[in-house]
Amino acid sequence: MTAMPKEQTTTAPVPSRGVGAAAVQLADVAVRFRSKKRDVTALSEVSLDVAPGEFVAIVGPSGCGKSTLLKLVAGLLTASSGEVRLGGERVTGPRHDIGYVFQRAALLEWRSALRNILLQAEIRRMPSARARGRADELIRMTGLTGFEDAYPHELSGGMQQRVALCRALLHEPPVLLMDEPFGALDALTREQMNTELNRIWRSTGTTVLLVTHSISEAVYLADRVVVMSPRPGTITEIIEVGLPAERDYAETLGRPEFRAATARIRDLLGAVSAQE
Amino acid sequence: MSESALAKRPAEPAGVARRAGPTAGERLARAAEQSWRPVALLLGCFALWWAIAAAELVEPYLVPSPGATLDVLTGKAGYLWQHSWVTTYETLLGFVIAVAVGVLAAVVMVYSSTVERTLYPVLLFAQVVPKIAIAPLFVVWLGFGIAPKILIAVLIAFFPVVISMVTGLKAVDPEMLQLSATMGAKPWQTFLKIRFPASLPHLFSGLKVAVTLAVTGAVVGEFVGANEGLGYVILQANGNLDTPMLFAGLLVMSLIGVVLFVVVEIAEKLLLPWHASRRETSATTTY
């Protein structure tokens, strides 16, 4: 690990632009899990600034701490050292100003699609008329119209994940955290969800942090792609994608910027796995 | 969903499938398909019983004929009804108390690891003690009335309720709990909206075991010392070598157990339609 000099051009932490400038800010964050036998370092020296409205994808091999990173931002985990800031505020416990989407939709089986979405509103005690209006808007946006009364077991994987996405966006969170949200979907549905997510991101202006295993998904969706190496999880490089925000799926895949970025990431991940 | 909403439904995106539920006819056909084997087996047993009695292979005072048993069931219906009611009453009261105490104990144990570590081993130990063996003691303490029967029914039915409820409350999707943390849910909100409903399928499987065990508990109580109830009827019939009455008592007792089991199952279907329908689909798919 140490033999290979890390590229410092893009990984160097951005000098503090003043508190509140970044939507998400990680400064020299490390996470160590203590077990009886040994200490495991899940993340080390991770520094990352995400600008408001930016879409950042995180790729890396399994066990590189990608999910850990999202949990840190959400306040579901505490960093062993370093500092995590969300909306300029230091993260010390579970944060409520985020939306979270997991790989599994994690829907309540006894609630219809609409009532699953409205769970967010019930717990937050949002005014019901406002919540209902916002839910209808999201249902239209994600193509769930006509499925409001369907129960999770009546919905396909793609539809379930759409419900989870609506639930995560209901309270208009400034930051959306997605942990391999489309990992369990078939390739076709996945492409479709990617297109939809791109559209939703543009129309909501939410900051998005997306963890994924798919290089093309990362490049198609993100402004920047964070490439990570495993054990301990560190940022190998951050790639600027340089594609326009509005992206047609087929057209984007054919663009030289897309091919250059995916090739670069594939190289980096290959180098990472060769080190092991 | 209104008709206009249906009409305006956009073309469904790829990968979208809303599975239609089975029709009433299909459901009936499936029920018949699933139940003919056990029904046939039961009828076979009755046929065997009838054949043995008819051929007089065994003395009638040892195994009465189905006809003699039926005569008792119809001829002494009033007597059986009166005692069945006592047993049913004891069973239900014991069951309800076991459920209330069991659910409460499970909730406390899941939310307090100290209580769990203290109570759980003791519960396990208490489960190992044969309740039938302590039944005479309860009669000494509580007399010949209804109280010792209910207490034994409670003790026997309590364990499956606690175990299933603890399992159910712990089986909640951890991601669902993390999600509720990001929503800023208060503990009682997480409990009412997520944990408790999620535990109900587990609880109901425990309730089905508990309700049949409660019948056993009540009858055991009656065996030890009673002047009413089906346990008393059977003991009396046994003493008089009145095997037709003994068989009739057994049949009625089994019937009570089956009816209570079915009632719990119907309650499950009504209260957890989402769970029942999921089970129907999972019967034909393998995960």
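Strand β7(A) is covered on both of its faces in this predicted model: V175(A), L177(A) and D179(A) are buried on one side, while L176(A) and M178(A) are buried on the other. A residue is called buried here if 20 or more other C-beta atoms lie within 10 Å of its own. Because five of the five residues of β7(A), which spans residues 175-179, meet this condition, the strand is largely enclosed by the rest of the structure.

Part of the setting of β7(A) can be followed through the strands that pair with it. Strand β6 of chain A, made of residues 98-101, pairs with β7(A) in the parallel sense over four bridges, and within this pairing Y100(A) has L177(A) as its bridge partner. Strand β8 of chain A, residues 207-211, also runs parallel to β7(A) and is joined to it by five bridges; here the bridge partner of L176(A) is V208(A). Between β7(A) and β8(A) the chain passes through helix α6, residues 187-204, and together these three elements make a right-handed β-α-β unit.

Turning to chain B, we can set a record beside the model. An unreviewed UniProt entry annotates residues 39-58, 92-111, 123-144, 150-169, 203-225 and 245-264 of chain B as "transmembrane region". What does the chain look like over residues 39-58 of chain B, helix or strand? Over these residues the chain is 80% helix and 0% strand, with the end C-alpha atoms 26 Å apart. For residues 203-225 of chain B, the chain is 96% helix and 0% strand, and the end C-alpha atoms lie 32 Å apart.

Note on methods:
Residues numbered from 1 in each chain as written. Chains lettered and ligands numbered in written order. Predicted model: local features only at pLDDT ≥ 70, side-chain atom pairs only at ≥ 80, totals over all residues. Buried ≥ 20, exposed ≤ 12 C-beta atoms within 10 Å, placed from the backbone. Helix = DSSP H or I, 4+ residues; strand = E, 2+ residues; numbered from the N terminus. Pairing = 2+ DSSP bridges. Right-handed = clockwise from strand over helix to strand, strands pointing away. UniProt positions renumbered as here; feature names shortened; annotations may be inferred.
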